Amino acid sequence: MESNETALGAAFDHDAIAREVESRFGEFFRSRVNPTAAQRDRDYATFAPELLAEMAALGLVGFTAPREIGGGGRTWEEWGHALEEIGYRCEDTGLPMLLSYRETATNLMYTSGMRGRPHLIERYAEPAVRGRHFIGWLYTEETDAFDFTTRVARRDGAWVLDGMKKASTGAPTCTCWIVYARIEDSDDTMVVLVEAADPGVTTLPQRSLGMRSLGVSSVRFDNVVLGDDRIIQATDGLSHSQLFVNERRVTGSSWLLGRMRALIQHIIDDTLPKSRFGRRLVEFDTFIAAIGRMQAALESARALLYRVLHRVEQGKHRSSYLHDPLVAVSKYVATEAAVLCADTAQRLAGDHGFFERFEIDRYLRDFYSIVPIIGGQYAIETELGRRVLFFHKGRGDASEPRPLHRPESDA
Ligand SMILES: Cc1cc2nc3c(=O)[nH]c(=O)nc-3n(C[C@H](O)[C@H](O)[C@H](O)COP(=O)(O)OP(=O)(O)OC[C@H]3O[C@@H](n4cnc5c(N)ncnc54)[C@H](O)[C@@H]3O)c2cc1C
């Protein structure tokens with residue numbers, strides 16, 4: 001079932017996006033990215049800034065950014081569908097992840113600029129669209145999600161930042177970060193802009209399970225002095241961070257569909273030459289059913305994701321105070337489907353799943369890397385369960401913790 005027919009297929013022409021991605025980017029992935037994907041994984045090598053700038057010139061960066069800053073002005077729905085096709089063609093899983101992540105960071109910089117900080121657009125958002133700045137987003141620490149140890153303090157007319165963030169996607173090429181820090185002697189959070197070249201900033205590369213071309217690193221801040229021009233949002237940083245999280249959950253799972261499609265084809269191609277007990281392995285019922293199981297997982301994730309992309313486009317998610325439950329579910333379902341596909345592929349591949357040279361193991365490591373990102377799977381389950389129980393009890397019991405989401409119809 002290679003066509004992308006779903007209940008919403010009629011509402012959005014996925015095939016047109018697929019043709020566009022192929023004609024604009026297909027050759028670039030085949031010639032510039034895919035031949036070196038396995039080596040990048042082995043070496044933890046990231047994408048060079050020059051290659052990233054080339055991607056920007058092609059339009060792989062800033063697909064959804066406003067046209068007035070050089071972006072493509074396309075919708076999230078189009079970008080979500082495009083990312084599936086990018087994921088399908090790009091054999092380095094880290095790249096669609098990086099592209100979708102940086103797209104969101106650039107959009108957030110633009111939005112922050114439009115909220116009364118216009119210099120952020122000129123200095124960071126516009127150059128990012130043109131491939132001259134690479135923006136990261138630094139929230140997570142080893143502490144509870146709302147209890148940062150990273151702090152900003154007012155000293156001699158400037159802000160001084162100290163602390164540590166544990167994971168930065170694309171850190172080796174980040175030229176700046178959006179950083180969340182507690183304001184000294186308060187419970188409030190400030191959002192600040194830190195440049196990689198600022199004195200006192202250190203990136204610490206980390207070895208990791210998968211998506212190694214992302215170069216995920218920790219970032220430490222020691223006495224980093226920032227002027228007022230580096231304030232992105234002076235208070236209530238937590239609601240600012242939610243703008244990022246919501247969009248990441250949508251686009252963070254759309255490219256996974258493409259990688260799943262690629263894996264299904266990879267495992268069939270790998271198995272085609274094999275015969276056992278005088279019969280071709282691809283004719284065994286167990287093999288055929290396993291392929292069907294992977295396809296069913298893919299189609300389920302796709303049906304939900306297309307629905308969410310459409311809903312996001314209509315702007316309905318914005319009525320939710322913190323985040324949209326259906327968006328979280330689409331990340332959850334896509335991740336479970338990807339993990340099922342990778343696990344099934346391993347079982348089908350025999351020792352080809354074990355030896356690196358067949359390039360099947362990388363899917364398993366890459367797909368498992370999505371589990372903790374932007375809300376772990378257990379955290380999403382817990383929040384959803386809490387929501388169902390809360391409303392089951394008739395608008396809830398005041399003694400119970402409130403769910404993070406408001407009740408909201410998906411209609
Ligand atoms: C490839 C990769 C790239 C990343 N890039 C960035 C980046 O650029 N910037 C950044 O800030 N961070 C980044 N992160 C960090 C990532 O966003 C965090 O891993 C994520 O927010 C989860 O936090 P955590 O790891 O502290 O998990 P924890 O919150 O410690 O979760 C640990 C366990 O507890 C469960 N759990 C957590 N909360 C609940 C709950 N409420 N109810 C039930 N169970 C719960 C989780 O599901 C999990 O099983 C990256 C991570 C990865 C893997």
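A polar side-chain atom of Thr169 lies 2.8 Å from a nitrogen atom of the ligand, a polar contact being a pair of N or O atoms within 3.5 Å. In this predicted model, local features need pLDDT of at least 70 and side-chain atom pairs pLDDT 80 or more, while totals for chains, interfaces and linings use all residues. Residues are numbered from 1 along each chain as its sequence is written, and side-chain values use heavy atoms, with hydrogens and water left out.

The backbone takes part as well. A backbone N or O atom of Trp137 is found 2.8 Å from a nitrogen atom of the ligand, and for a polar backbone atom of Ala167 the distance to a ligand nitrogen is 2.9 Å. Taken alone, the ligand exposes 970 Å², of which the protein buries 61% (accessible areas by the Shrake-Rupley method with a 1.4 Å probe).

What surrounds the ligand? Around it are 18 residues, of which Tyr101, Trp137, Tyr139, Thr140 and Thr169 come nearest (a residue is near if one of its heavy atoms lies within 4 Å). Domain 2 (135–237) and domain 3 (238–392) both contribute to this shell, so the ligand lies between them; the domain bounds come from an automatic or database assignment.

How values were computed
Polar contact = N/O pair within 3.5 Å; in protein donor to acceptor, adjacent residues only side chain to side chain.
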